[in-house]
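Please look over the sequence and the structure shown here, and keep both in view while you read the explanation below.

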Number of protein chains: 2
Amino acid sequence: MTTRPPAEVGMSIEQVDTPALILELDAFEKNLKRMADEAKAAGLTLRPHSKNHKCPMIARQQIQLGAVGVCCQKVSEAEAMVYGGVQDVYVSNEIVAKPKIERLAALARHARISTCVDNPDSIKDLSAAAKSYGVNLKVLVEVDVGGGRCGVAPGEAAVPLAQAIQKSPGLSFGGIQAYNGSAQLLRTWDERAKAIKETADKCRATVDALKKAGIPCELVSGAGTGTYPHEMASGVYNELQVGSYIFMDVAYAKNFGKDGKPFRDFDHSLFVLCTVMSVPTDDRVISDCGTKAISVDSGMPLVRDFPELEVLKMADEHGRMVFKGGQKASNRKASVGDRLYYIPGHCDPTVNMHEWIVGTRKDRVEAVWPVTARGPGN
Amino acid sequence: MTTRPPAEVGMSIEQVDTPALILELDAFEKNLKRMADEAKAAGLTLRPHSKNHKCPMIARQQIQLGAVGVCCQKVSEAEAMVYGGVQDVYVSNEIVAKPKIERLAALARHARISTCVDNPDSIKDLSAAAKSYGVNLKVLVEVDVGGGRCGVAPGEAAVPLAQAIQKSPGLSFGGIQAYNGSAQLLRTWDERAKAIKETADKCRATVDALKKAGIPCELVSGAGTGTYPHEMASGVYNELQVGSYIFMDVAYAKNFGKDGKPFRDFDHSLFVLCTVMSVPTDDRVISDCGTKAISVDSGMPLVRDFPELEVLKMADEHGRMVFKGGQKASNRKASVGDRLYYIPGHCDPTVNMHEWIVGTRKDRVEAVWPVTARGPGN
């Protein structure tokens, strides 16, 4: 059921079928290198999140630049990463169904696998599976450091879980999972600095509680593209789980940097290429890219190189655009057959809709990589 | 790159992996039959839209109950339908890229293929491709009857396009495409009746203009699940393109019927089955289904059988729920491992995220159908 790839290596970009997920390799490689260099300079381990790219060919490049492995959120993603050659995969999420835990343990026969928990029953299930498959699983305890999603409260609540992990055959205690998702898109530098200061205090309280109980905490793992400079400077985090820096999206580009200017440390490298399929009136332009090819959960895409066009609505198979302020003589016209680049509002679920990433350099298709970890996440 | 099917035929539903797209076959079959019976009684042709199910096994059942074929929106969908045995496919959308037009013409060697246009250049391209592959394509003219998307203005604007189609080798003029998407979710019966009265007037003006130019208009094709009784009664439509009736979703269920009561002519048959993966506090419940398994473009899903749980936010891989009004003694508790059924806000883009539809009857998996027409729509 693999879909047709929209391109072949060697094609001119004009020949690429639409909608297509385009990765501009120069910008992408610059982003890859910048984060690798920053982590190295700061002395933190880089374990990029693969939940955004879902593509082992990208994980490979992150690892070649020094990453210790990748994170992911689902067992199906971990499998795809290992099948694609990744040797060290951390599922930074609670896996509770027993068949999934079995798959995770079986996968650990072929790669270093770690995961996290926030309840004692899962520790029993993980231990039973690890024993059964003759493997060791490193298990972290997830602490709710401000995201308001999964995880135990900061401080002492992590201690009994860490103790249970330590006592469980087949498991070793790896540290704490401490990602604060809700801080990533706070718009100003100071807001994010303040949020991550509180986050880091919660980590420190947890590390201290563990220490008091005689449990060394090897890893404090977290951070995202919006906040990583703050985790880096915190003195308590030692592993970064950044993901979006490789692509950037409209949501992250709305942040402001330390200098008060729009956050542009990383360049937009990911786009959905589409075709204008109808220009029924002077001011209305319809593309062939809708919500089956781009995600609108974090807002509408922007139209690159065509700032006067605004995406008003995404239907399932149509993008409806208008000229801002109506069609004016100063605007360029849009014609049926024109090709436009959408900058996705949110990269992760957009990538999830595509099976192929079309890598381009200048005007040529240089890569067509399979997105093998895509899917609903079984 | 096909994803693992989350179930096997014969399994108990308790064994189905999550997230999974579940189709309750009793409700689904009841929906199928009701629409087929209504169209038959009214004497209209039924050509259901396959853009929602994307599954030839469902198209087959619609055709067995009397549908003349299906509609779809993309060439890739048309190919999947023909590969799955459908003999008559109408692409109710403008196809403008020449390679896609070639694929459409080539497909017409194996099935009856029709499509629509709203500009003269596409007619030339369609004719050239039809000649080149030795096929005939039926071409409709899309009229903007209120949707504000593609299509020429109602009335005389359709005439020159119809004439151009008539004169083009390899093409035959099929009628008008007249779908008013913006009327489907007007909440009251009277609002929808009024909107479709205006829509039908626009169709009539177009049919009359064609007649005056000596062009018979074979088909007036349109309607959706929200409005079809009004198109049926209009006296001008003769083909129905309804799609969502087979599944229903939260968006359609917010409509009110003729009796002023919530629209329940069709039952919810489609769900995303998920697992509770964390209950970190008394009032917060996290599932393993996020925006990579369910679409939120038309709002959050509802939790079936658990009305006190409200979905607050869908992250990429997590559904965050709270107990409405806080956790109360009167509420049932939710526990890690519990399985919940989400009713999707919008079925079409939700189905697009899954490769398998798991058909269940009572407690047993009876079908695991491939969603072969899914994808970004190349």
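The paragraphs that follow go through a helix, a group of strands, the contact between two chains and a few backbone details.

Everything said here concerns a predicted model, and a good place to begin is helix 5 of chain A, which covers residues 120-133. At 1.5 Å a residue, its 14 residues should span 20 Å, and because the C-alpha atoms at its ends are 20 Å apart, the expected and the computed values agree. Within this helix, Ser122(A), Ile123(A), Leu126(A), Ser127(A), Ala129(A) and Ala130(A) are buried. The buried residues of helix 5 pack against several elements of chain A, among them strand 4 (88-94), helix 4 (98-107) and strand 5 (112-117). After helix 5 comes Gly134(A), which has a positive phi near 65°.

We can turn next to strand 14 of chain A, residues 319-323, where four of the five residues are buried, so that the strand is mostly covered. Which strands pair with strand 14 of chain A? Strand 11 (residues 284-287) of chain A pairs with strand 14 in the antiparallel sense over four bridges, and in this pairing Arg284(A) has Val322(A) as its bridge partner. Strand 13 (residues 309-314) of chain A also runs antiparallel to strand 14, to which five bridges join it, and here Lys313(A) is partnered by Arg320(A). Strands 13 and 14 of chain A form a hairpin, with four residues between them.

The two chains meet in a contact that takes 55 residues from chain A and 55 residues from chain B. On the side of chain A that touches chain B, strand 4, strand 10 (270-281) and helix 10 (347-351) are the elements that give two or more residues, and the largest share, four residues, comes from strand 10. Sorted by class, this side of chain A has 19 nonpolar, 20 polar and 16 charged residues.

Some backbone details remain, and they are set against a general background: most residues other than glycine have a negative phi, and most peptide bonds are trans. The peptide bond from Thr18(A) to Pro19(A), however, is cis, with omega near -5°, and Pro19(A) is placed in the segment before strand 1 (20-24) of chain A. Lys54(A), in the loop between strand 2 (45-46) and helix 2 (56-64) of chain A, has a positive phi near 55°. Is Lys54(A) buried or exposed? Lys54(A) counts as buried because it has 27 C-beta neighbours inside 10 Å. Asp305(A), in the loop between strand 12 (302-304) and strand 13 of chain A, has a positive phi near 65°, but with 8 C-beta neighbours inside 10 Å it counts as exposed.

Methods. Residues numbered from 1 in each chain as written. Chains lettered and ligands numbered in written order. Predicted model: local features only at pLDDT ≥ 70, side-chain atom pairs only at ≥ 80, totals over all residues. Expected span 1.5 Å × (residues − 1). Buried ≥ 20, exposed ≤ 12 C-beta atoms within 10 Å, placed from the backbone. Contact = placed C-beta atoms within 7 Å. Pairing = 2+ DSSP bridges. Nonpolar A, V, L, I, M, F, W, Y, C, P; charged D, E, K, R; others polar.
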